[in-house]
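Please open the structure in your viewer and keep the selection panel at hand. This tour moves from one selection to the next and says what is found at each stop.

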Amino acid sequence: MSAEPLRFAVIGHPVAHSLSPRMHAANFRALGLEATYGAVDVEPGAVAAALRRFAREGYRGINVTVPHKLEAAACMDRLDASATRAGAVNTVRFASDGTMTGFNTDMAGFARPLAVRGFPLAGARVLLLGAGGAARAVAAACLDAGCAALRVANRTPEKAAELAAGLADGRVSSSALAAAAAELAAGADWNLVVNCTTVGLRPDDPPVLAPDCFRAGQLVYDIIPCARETATCAAARAAGAETLGGLGMLAAQAAESFRIWTGREADLAALEAALR
Ligand code: ATR
């Protein structure tokens, strides 16, 4: 048995705000594992060189955050199906010979809190707000889990149409965010509304949809990873909807990375407690 601690890190630009080091350290402690997890700021354009250096130094795995998920995908030796489907890499696993396989934990991380809550994605009618990288992974997760219908609604409708076309699935439609809001206010029966826009990242952001869009019988899932309740969740809750914040997804993603790197199950309670 090696006495060397296992080494991991997250790369991003900036990366100082990342919650990953705190979460992973709590998991290592809970499992009694000798391991370290750092945060390394890497300049755009320098991702491949940084990853090769981590491989040489014997790191087991790296998480990749904004803005490096596409740059990382371009320099992998192999892409797992999750990375191909999500179109980006946020988890890198090094083999003992230093070769790199890219994974994406967005899909698994998104689905897990829904499963824990007992909300079936199979048969759900999903309204997805946003059309960026997060929306793409969430859309794929919903389709793969058997949702009945998926609407991609975005402030810039052309981007929603582009994402929908790329998914090439008869269950998918697209519209402007404003059009989806008008439909919701008129009683459209989307029973899962997912916020994949960046609205809510700042504490003073307004709800992504007007309060009259929300009602009992909906689950509103805001994937913004923060401990406070977002204005979107607060408005939804006030209107009688069920709500789910983004911390569960963040913890589930960390657990998924840990499983990819070590083959072991993480202590999910420790991961979640580290976020509070
Ligand atoms: P990520 O990779 O995290 O998904 P992104 O690719 O920057 O982030 O996407 C951000 C998403 O938030 C986009 O869908 C963006 O809408 P546009 O395509 O119209 O820019 C959405 N977004 C950002 N600010 C918004 C706002 N004030 N209102 C509505 N949507 C917003």
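Two strands are said to pair if DSSP finds at least two bridges between them, and the strands themselves (E, at least two residues), like the helices (H or I, at least four residues), are DSSP runs numbered from the N terminus. The model is predicted, so local features need pLDDT of at least 70 and side-chain atom pairs count only at pLDDT 80 or more, while totals for chains, interfaces and linings use all residues. Residues are numbered from 1 along each chain as its sequence is written, and side-chain values use heavy atoms, with hydrogens and water left out.

**First stop: the parallel sheet**

Select the six strands that form an open sheet in the order S9-S8-S7-S10-S11-S12, where the pairing is parallel. At its edges you will find strand S9 (172–176) and S12, each of which pairs on one side only. From one strand to the next, the twist averages 20°; for angles here, axes are lines fitted to C-alpha atoms, for helices over the stretch in contact, and the values run from 0 to 180 degrees between N-to-C directions.

Now select strand S7 (residues 125–129). Is this strand largely enclosed or left open by the rest of the structure? Four of its five residues are buried, so S7 is largely enclosed by the rest of the structure; buried means under 20% relative accessible area, exposed means over 50%, and partly exposed lies in between (1.4 Å probe, protein chains only).

Add strand S8 (residues 149–154), which runs parallel to S7 and is joined to it by five bridges; Leu 128 has Val 152 in S8 as its bridge partner. Follow the chain from S7 through helix H6 (residues 133–144) to S8, and you trace a β-α-β crossover that is right-handed, meaning that, with the strands pointing away from the viewer, the path from the first strand over the helix to the second runs clockwise. Then add strand S10 (residues 192–195), which pairs with S7 in the parallel sense over four bridges, and look for Val 126, which stands opposite Leu 192 in S10.

**Second stop: the S12 edge**

Select strand S11 (residues 219–222) together with S12, a pair joined in the parallel sense over three bridges, in which Tyr 221 has Leu 244 of S12 as its bridge partner. Leu 244 itself belongs to strand S12 (residues 242–244) and, at 12% relative accessibility, counts as buried. Leaving aside neighbours within four places in sequence, the residues in contact with Leu 244 (heavy atoms within 4.5 Å) include Pro 113, Leu 114, Arg 117 and Cys 233.

**Third stop: the S9 edge**

Move to Ser 174, which you will find in strand S9 and which is partly exposed, with a relative accessible area of 30%. Not counting residues up to four places away in sequence, Ser 174 touches Arg 151, Val 152, Ala 160, Ala 161 and Ala 164. Select Pro 157 as well: Ser 174 and Pro 157 are 17 residues apart in sequence, and their C-alpha atoms are 7.5 Å apart in space.

**Fourth stop: the ligand**

Which residues come nearest to the ligand? Of the 13 residues around the ligand (each with a heavy atom within 4 Å of it), Ala 131, Asn 154, Arg 155, Thr 156 and Lys 159 come nearest. Next, look for polar contacts, which are pairs of N or O atoms within 3.5 Å; within protein, one must be able to donate a hydrogen and the other to accept it, and residues adjacent in sequence count only if both atoms are side-chain atoms. A polar backbone atom of Ala 131 is 2.9 Å from an oxygen atom of the ligand, and a polar backbone atom of Ala 134 is 3.1 Å from a ligand oxygen atom. From Lys 159, a polar side-chain atom lies 2.9 Å from an oxygen atom of the ligand.

**Last stop: the mixed sheet**

Finally, select the six strands that form an open sheet in the order S2-S1-S3-S5-S6-S4, where the pairing is mixed. Strand S2 (35–41) and strand S4 (78–79) stand at the edges, each with a single partner strand, so one side of each is left without a neighbour in the sheet. S4 runs parallel to strand S6 (residues 100–103), to which two bridges join it, and Arg 78 has Thr 101 in S6 as its bridge partner. Helix H10 (residues 247–262) packs on the sheet and touches S1, S2, S3, S5 and S6, its direction making about 15° with that of S5. Within H10, select Gln 253, which counts as buried at 13% relative accessibility.
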